[in-house]
Amino acid sequence: MSEEATSKSKDAPVVGSQAAPPEPPKVGDEDDFVVRYLEPDKTRLFRSPLGSPRLEIVGEVSYPRVTVRRLRPLSDPEHYVSVWIGDDREIGIIRDPAELDTDSREIIAEELGLRYFVPVIHRIVKVKERFGVHDWQAETSRGTLTFSVRGLHDNLKQIPPSRLLVTDVRGNRYDIPDVNALDAHSYVQIQRHL
Amino acid sequence: MPELDALPAAGTHALTAAGLDPASVVLSASTDVNADGTFGEGWFVLTDGDVLALDGQGAVLHRIAYADVTGVRSEAVVGGGMLTIQAGADAVDLIRYSNALAPKFGYIAQWLSERIEWRDGKKDNEPDWNYEEERKFCKTCRLPLPDEFTPCPACMKKHRVFLRILSYLKPYKVQAIAVGLFMLATTVLTLMPTYFTRIMIDDVLATPEALAANPPTSLGKIFRSMGTGGLALLVAVLCLAGSHAVSQILGVFRGRLHAWLGLRLSADIRAQLYERLHGLSLRFFDKRQTGTVMSHITEDSGRLQGFLVDGLQFVVMDGLMIVGIGAILFWMNWKLALFILIPVPLVVLGGGWFWTKVRSLWHRSWRRRSKLFDVVNDSVSGVRVVRAFAQENYEITRFNDANEDVRSYETRAEMLWATYFPLLWLSIDVGALIVWYVGGRQVLGTEMSLGTLMTFNGFLWRFYEPLMHASPVLNWFSRSLTAAERIFEVLDSEPEQYDDGSLVDLQEIKGEVEFRDLTFGYEAHKPVLKGIDLHVKPGEMIGLVGHSGAGKSTMINLICRFYVANSGGLFIDGEDINRIRLSDLRRQIGVVLQEPYLFNGSIADNIAYAKPGATIEEVIEAAKAANAHEFIAKFPDGYDTQVGERGGRLSGGERQRISIARAILHNPRILILDEATSSVDVHTEKKIQEAISRLVQNRTTFAIAHRLSTLRNANRLFVLEKGKGVECGTHEELMEKKGIYFKLVDTQRQTSEIRSQAEAVSG
């Protein structure tokens with residue numbers, strides 16, 4: 001409880017200077033239980049002089065330093081982006097960032113790119129087993145890599161319909177969005193161990 | 001007339017002697033313990049006007065006028081019990097019985113008490129008599145059953161079960177017939193090469209003298225006509241090669257088709273079993289442990305599958321082999337064939353004995369092996385305790401003992417194997433020796449050709465081998481049939497009534513719930529709820545309060561119609577709950593349990609479980625209302641986070657809020673909160689309370705909570721004690737009354753004070 005109070009005072013929203021808020025704020029208690037979707041024409045992201053992302057709800061408030069996260073990073077990464085004050089409180093949800101202006105869209109894409117460090121595997125060169133550890137050699141969205149995966153049972157998570165999440169021995173995650181879309185060679189490498 | 005056990009002649013005489021009409025007997029039940037506590041027969045008799053106890057000779061031990069009886073109790077003592085009759089201020093221990101009969105007399109006491117209430121006008125209806133004896137013994141042969149639901153292995157009609165398994169073949173007639181033909185063909189073809197030995201020796205490789213001595217068989221003539229050059233040999237070898245090849249190829253088809261058919265069959269049975277399980281009433285699951293149900297699906301059907309895929313081939317092929325070879329041997333030389341039968345009893349009986357022995361030894365060593373595992377598990381899990389008390393040596397000794405035990409039994413099994421298997425082969429060798437001697441004499445006497453003798457010898461092994469294996473294969477067969485029978489037992493159980501004709505349409509439940517003089521027990525003679533009366537208005541929140549075991553959860557089970565009341569009724573919107581279409585009812589009831597169950601899948605899937613096809617925005621909205629959205633958004637995978645058995649580890653409070661979100665999305669008219677906040681800390685509880693307070697709006701809610709403070713939102717509290725509704729009212733009303741609720745609150749306050757003091761000290 002006390003944490004919330006202090007954090008709120010620290011990152012108190014800066015009230016927009018231009019016009020009066022379009023509608024009176026709802027009862028505070030009620031507010032916590034209702035989802036707020038940010039309207040595309042009133043939502044604008046820009047960068048502070050030092051580069052931290054800020055959110056302005058036009059005609060209402062402007063928040064310094066926001067973070068963005070995907071609500072459905074696996075099944076629908078391009079929609080439902082949740083915008084937060086730091087790590088504390090959700091401001092609202094952007095249904096589809098594509099509806100925003102170009103600058104805002106780019107900032108969201110950049111921020112999401114920084115937040116989600118999950119290389120996507122495009123091609124699997126080789127998976128070789130020795131002593132229960134599988135050495136993977138793969139081409140990913142972030143370069144060609146080799147990594148080791150222990151105990152495929154726990155570290156290869158199959159998510160229906162055909163996604164595969166791989167966690168290596170050092171805790172890094174790799175994503176294969178659609179196993180069936182891999183080329184034949186990669187597919188064979190992987191099927192042997194599934 | 002609920003006559004349990006008919007009175008014997010002596011008892012009837014005794015009644016007549018006492019001036020009672022034997023026709024006036026309402027109930028008679030036998031006991032197995034005398035008045036002095038020794039085993040012996042006796043009788044409990046209820047007539048129109050009296051309650052009596054008779055001894056085994058028919059002498060009247062007690063006689064009390066029924067009108068004087070004010071109460072009946074069954075009292076448990078160690079190893080048995082007694083039926084006590086209360087007659088005003090006095091009481092008598094009417095009859096004694098052992099534990100075996102306790103359920104029966106327990107039911108009698110319950111039934112009689114209700115009957116007395118009815119006699120006194122406290123109840124409107126005479127109690128129904130629906131006593132069902134627990135199925136501990138087989139009804140036909142009195143063999144104790146392994147559990148209540150397994151059919152008697154001795155009385156099971158094996159052929160009927162087998163026919164029923166075969167009835168699953170109906171959709172696959174063509175394949176089944178093909179498999180049968182393939183089996184027949186492969187059997188014949190495997191016998192061919194051996195049979196060819198005869199032609200080889202008598203007709204192809206024979207010296208001219210031998211040819212002259214032996215009249216050719218019809219097949220032999222063909223080969224002899226090719227002359228004594230290499231041609232006949234070449235053709236013979238080619239024939240052999242052909243039969244080998246065809247036999248193997250047919251074998252491939254047979255094996256593939258059989259595997260397909262066996263797997264198809266067991267998958268069909270499994271699918272039917274699983275579908276039926278979901279249609280069964282919860283009573284079925286109650287009486288069995290989850291493990292038993294799981295084993296029905298996995299083990300029994302696995303066992304059946306193993307047999308259908310592999311075992312059946314053995315049985316059929318071995319059967320064909322024995323019959324086929326037997327026929328050939330008798331056809332070739334019936335006299336010699338008779339001699340072959342001499343070691344058969346030895347092989348069959350010896351084999352049977354050997355397999356039984358080995359199986360039991362294996363089983364025993366397996367038991368010891370698991371005990372060894374227990375020892376290891378025990379001392380490794382408790383290694384801190386072991387070290388703390390310096391009991392390493394004790395643990396080592398314990399392990400060594402168990403280890404030695406395993407060794408000794410496994411050695412015995414291996415030694416038995418090493419000893420008797422060769423002996424078994426020796427008995428078969430006797431057969432071969434007989435063939436050599438008797439057949440040899442016939443060859444010397446030119447009664448029989450050398451080829452026939454060699455063929456005989458060749459067939460001999462193939463004849464004895466299936467006989468030797470008969471015992472384990474038949475055992476396998478019979479165990480699979482038992483498994484099949486257990487599966488069929490489930491398939492035959494009554495499914496839950498989803499629709500029984502005269503049902504009321506309740507698309508939109510308003511939420512009025514009324515218990516009317518409701519009595520219910522999971523077992524009819526042990527009521528958990530007694531005469532509950534409660535009328536709940538739509539939208540009202542009722543807190544159910546009481547000690548554990550008071551019947552709170554049972555009330556909820558009845559509202560969900562997991563069970564049906566024994567007497568009295570439960571009405572929703574004025575309709576008898578049993579007449580509401582079950583799908584309508586369940587669709588409009590939402591449950592939040594103490595330990596919410598999350599299925600394997602994503603969080604979004606789990607929230608949307610109650611409403612398949614819900615959009616993600618609906619899911620997010622529900623999660624937000626349940627105070628769950630923010631923690632979900634903080635997970636790396638957000639709503640795609642995998643939960644359930646193999647997924648991420650959520651805390652109790654998180655699971656709870658997900659299940660509340662599920663209930664919110666479900667949007668039920670009647671909401672049930674069963675200890676929804678008991679497994680979380682105070683801080684989380686507050687968050688959940690907030691969520692719940694939003695959830696209960698405009699819904700009829702029943703809430704059970706251990707912490708009474710969490711029921712403060714309730715409109716009314718219903719206090720249960722020992723299955724009876726004792727108090728009902730608002731918190732203030734009940735506190736003023738200073739009754740049971742007051743005491744409960746008081747106790748909890750004291751406990752929480754102690755706790756806060758303790759926290760103050762430790763903090």
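At what angle do helix α20 and helix α21 of chain B pack, and how far apart are their axes? Keep that in mind while you get set up: what you have open is a predicted model.

**Stop 1: the helix pair**

Select residues 652-666 of chain B for α20, then add residues 682-695 of chain B for α21. The two pack at an angle of about 5 degrees, and their axes are 10 Å apart. Angles under 35 degrees count as roughly parallel, so α20(B) and α21(B) are roughly parallel to each other.

Now turn on side chains. On the α20(B) side, pick Gly653(B), Gln656(B), Arg657(B), Ile660(B), Ala663(B) and Ile664(B). They meet Thr684(B), Ile688(B), Ala691(B), Ile692(B) and Leu695(B) of α21(B). Colour this contact by class and you get seven nonpolar, three polar and one charged residues.

**Stop 2: a three-stranded sheet**

Stay in chain B and jump to β5, β6 and β7, which form an open sheet in that order, with antiparallel pairing. For the edges, select 71-77 (β5) and 90-98 (β7) of chain B; each of these strands pairs on one side only. Neighbouring strands here are turned by 25 degrees against each other on average, ignoring direction.

Next, zoom in on β5(B) and β6(B), the latter covering residues 80-87 of chain B. Seven bridges link this antiparallel pair. To see where one of them falls, click Val72(B): its bridge partner in β6(B) is Ile85(B).

Then add residues 102-119 of chain B, helix α2. This helix lies across β5, β6 and β7 of chain B, and runs at about 160 degrees to β5(B).

**Stop 3: where the chains touch**

Show both chains again. Which chain gives 13 residues to the contact, and which gives 15? Chain B gives 13 and chain A gives 15. On the chain B side, select 616-625 (α18) and 629-634 (α19), each of which supplies at least two of the residues touching chain A. The top contributor on that side is α18(B), with five residues. By class, the chain B side has five nonpolar, two polar and six charged residues.

**Stop 4: a confidence check on chain A**

Finish by colouring chain A by pLDDT. The chain averages 78, and 83% of its residues score at least 70. Then select residues 1-30 of chain A, where the pLDDT is below 50. Beyond near neighbours in sequence, this stretch has 20 contacts in the model. Where pLDDT is low, the predicted coordinates should not be read in detail.

How values were computed:
Residues numbered from 1 in each chain as written. Chains lettered and ligands numbered in written order. Predicted model: local features only at pLDDT ≥ 70, side-chain atom pairs only at ≥ 80, totals over all residues. Pairing = 2+ DSSP bridges. Helix = DSSP H or I, 4+ residues; strand = E, 2+ residues; numbered from the N terminus. Axes fitted to C-alpha atoms, helices over the stretch in contact; angles between N-to-C directions. Contact = placed C-beta atoms within 7 Å. pLDDT = per-residue confidence, 0-100. Parallel < 35°, antiparallel > 145°, perpendicular 65-115°, else oblique. Nonpolar A, V, L, I, M, F, W, Y, C, P; charged D, E, K, R; others polar.
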